[in-house]
Amino acid sequence: MSPNDSVRVTTTVAVEPAEAFEVFTSDVDAWWRRGPRFRADGARPSQMRFEPGRGGRLLEVYDEASGDAFEFGRVLDWEPPKRLRFEFRGRNFAPDEVTFVEVRFKPAPGGTLVTLEQSGWSALRLDHPVRHGAQEPAFIAAMGGWWAELLGSLRATSRARRPR
Amino acid sequence: MSALDATLAALADPTRRRVVEALRRGPRRAGELAETTQMTAPALSRHLRVLRTHGLVSEERVEHDARVRVYRLRRERFEELQAWLTEIEVFWTLQLGSFKAHAERRARAKRT
């Protein structure tokens, strides 16, 4: 686990940022893993889909004709080729619980550095006033820092207390 | 509600996060906590009750004075939280690995 943030993962992919963004969104069903660990209802055949643009939905579609689908959340920022941000809810989340996933695509030697960060946890309520204000990213960053610091200090504490 | 849900629910409130913050530095008496967090005793006591019933904080009485109570963080709850975060990290690591493999396979296919 990174010392700077509690849940941030990165990878370098050997394509340009614009293509990385395109594959990440348009091809989500091809790379989003299947099975109960990764899909909301892993027992049923499903198709993952990003509806393009701000306000679009991230869906797990079970039946195209009837519209039977699970909505993970809405796209909050759609800024190809640089950045994508969306809400991410699990099936067991209460209606007022939401987390946020931000994906950044940055040119890097040999392709694109992709950084994915999940934050917000259930601490950030849907009706939280901060969601309507300009300081939202700062708030989320502060939350991430808060968790990281808290967990870091607790890790240090538990190491110190472990009997030798 | 699982223990983890209880932990997250209790920490959903910014005032309670301030109390947890104050307790990170070590056990504190209610009076000291009220001072650090600049809360009235009744308000603080309400938040401490939530933290206690959700299992994040334990309350102890001081031997020589039954009126004084000392609060401390219960480490096991935060370890659960840590384990959960590690699980999320593994989830996204696997997803990004799969994304990388797919994007590169697709790019190779396009070139040939």
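In what order do the elements of chain B run from the N terminus on? In this predicted model, the order is α-α-β-α-α-β-β-α, which comprises five helices and three strands. Chain B has 112 residues, of which 22% are buried. Among the contacts in chain B with a separation of 6 or more, 52% are made by residues 24 or more positions apart.

One helix of chain B may serve as an entry point. Helix α4(B) occupies residues 41–53 and has 13 residues. From its first C-alpha to its last it reaches 18 Å, close to the 18 Å expected at 1.5 Å a residue. Four residues of α4(B) are buried, namely B:Leu44, B:His47, B:Leu48 and B:Leu51. These residues cover an arc of only 105 degrees around the axis, and therefore lie on the same side of α4(B). The other side of α4(B) carries the exposed residues B:Pro42, B:Arg49 and B:Thr53. After α4(B) comes B:Gly55, which has a positive phi near 85 degrees.

Chain A is described next, beginning with its sheet. Seven strands of chain A form an open sheet with antiparallel pairing, in the order β1-β7-β6-β5-β4-β3-β2. The edges are held by β1 (8–13) and β2 (47–50) of chain A; each has a single partner strand, so one side of each is left without a neighbour in the sheet. On average, neighbouring strands of this sheet are turned by 25 degrees against each other, direction ignored. As a general point, strands of a sheet pair through backbone hydrogen bonds, either parallel or antiparallel.

The sheet can be followed strand by strand from the β1 edge. β1(A) runs antiparallel to β7(A), and six bridges join them. Within this pair, A:Val9 stands opposite A:Leu116 of β7(A). What is the setting of β7(A), enclosed or open? Seven of its nine residues are buried, so β7(A) is largely enclosed by the rest of the structure.

β7(A) also pairs with β6(A), in the antiparallel sense and over nine bridges. One of the matched positions in this pair is A:Val101, whose bridge partner in β7(A) is A:Gln118. The two strands β6(A) and β7(A) form a hairpin with two residues between them. In the turn of this hairpin, A:Gly110 has a positive phi of about 85 degrees.

The path continues from β6(A), residues 99–108, to β5(A), with six bridges joining these antiparallel strands. Two facing pairs help to locate the register: A:Leu84 stands opposite A:Val103 in β6(A), and A:Phe88 has A:Thr99 of β6(A) as its bridge partner. β5(A), residues 83–88, pairs in turn with β4(A), residues 68–79, in the antiparallel sense over four bridges. Here A:Leu84 of β5(A) appears again, now opposite A:Trp78. A hairpin of three residues joins β4(A) to β5(A).

A:Lys82 lies in the loop between β4 and β5 of chain A. How exposed is A:Lys82? With 14 other C-beta atoms within 10 Å, A:Lys82 is partly exposed. Leaving aside residues up to four places away in sequence, A:Lys82 touches A:Pro17, A:Arg104 and A:Phe105. The C-alpha atom of A:Lys82 is separated by 6.5 Å from that of A:Lys106, although the two residues are 24 residues apart along the chain.

A helix of chain A accompanies the sheet. Helix α1(A), residues 17–26, lies across β1, β2, β5, β6 and β7 (111–119) of chain A. Its direction is at about 150 degrees to β6(A).

The confidence of the prediction should be kept in view for chain A. The mean pLDDT of chain A is 76, and 66% of its residues reach 70 or more. The pLDDT is below 50 over residues 122–147 of chain A, a stretch that has 28 contacts in the model beyond near neighbours in sequence. Residues 151–164 of chain A likewise stay under 50 in pLDDT, and for them the model has eight contacts beyond four places in sequence.

Notes. Residues are numbered from 1 along each chain as its sequence is written. Chains are lettered from A and ligands numbered from 1 in the order in which they are written. This is a predicted model: local features need pLDDT of at least 70, side-chain atom pairs count only at pLDDT 80 or more; totals for chains, interfaces and linings use all residues. A residue is buried if 20 or more other C-beta atoms lie within 10 Å of its own, exposed if 12 or fewer, and partly exposed in between; C-beta atoms are placed from the backbone. Two residues are in contact if their C-beta atoms, placed from the backbone, lie within 7 Å. The expected span of a helix is 1.5 Å times one less than its number of residues. The arc is that of the directions from the helix axis to the C-beta atoms. Two strands pair if DSSP finds at least two bridges between them. Axes are lines fitted to C-alpha atoms, for helices over the stretch in contact, and angles run from 0 to 180 degrees between N-to-C directions. pLDDT is the predictor's confidence in each residue, from 0 to 100.
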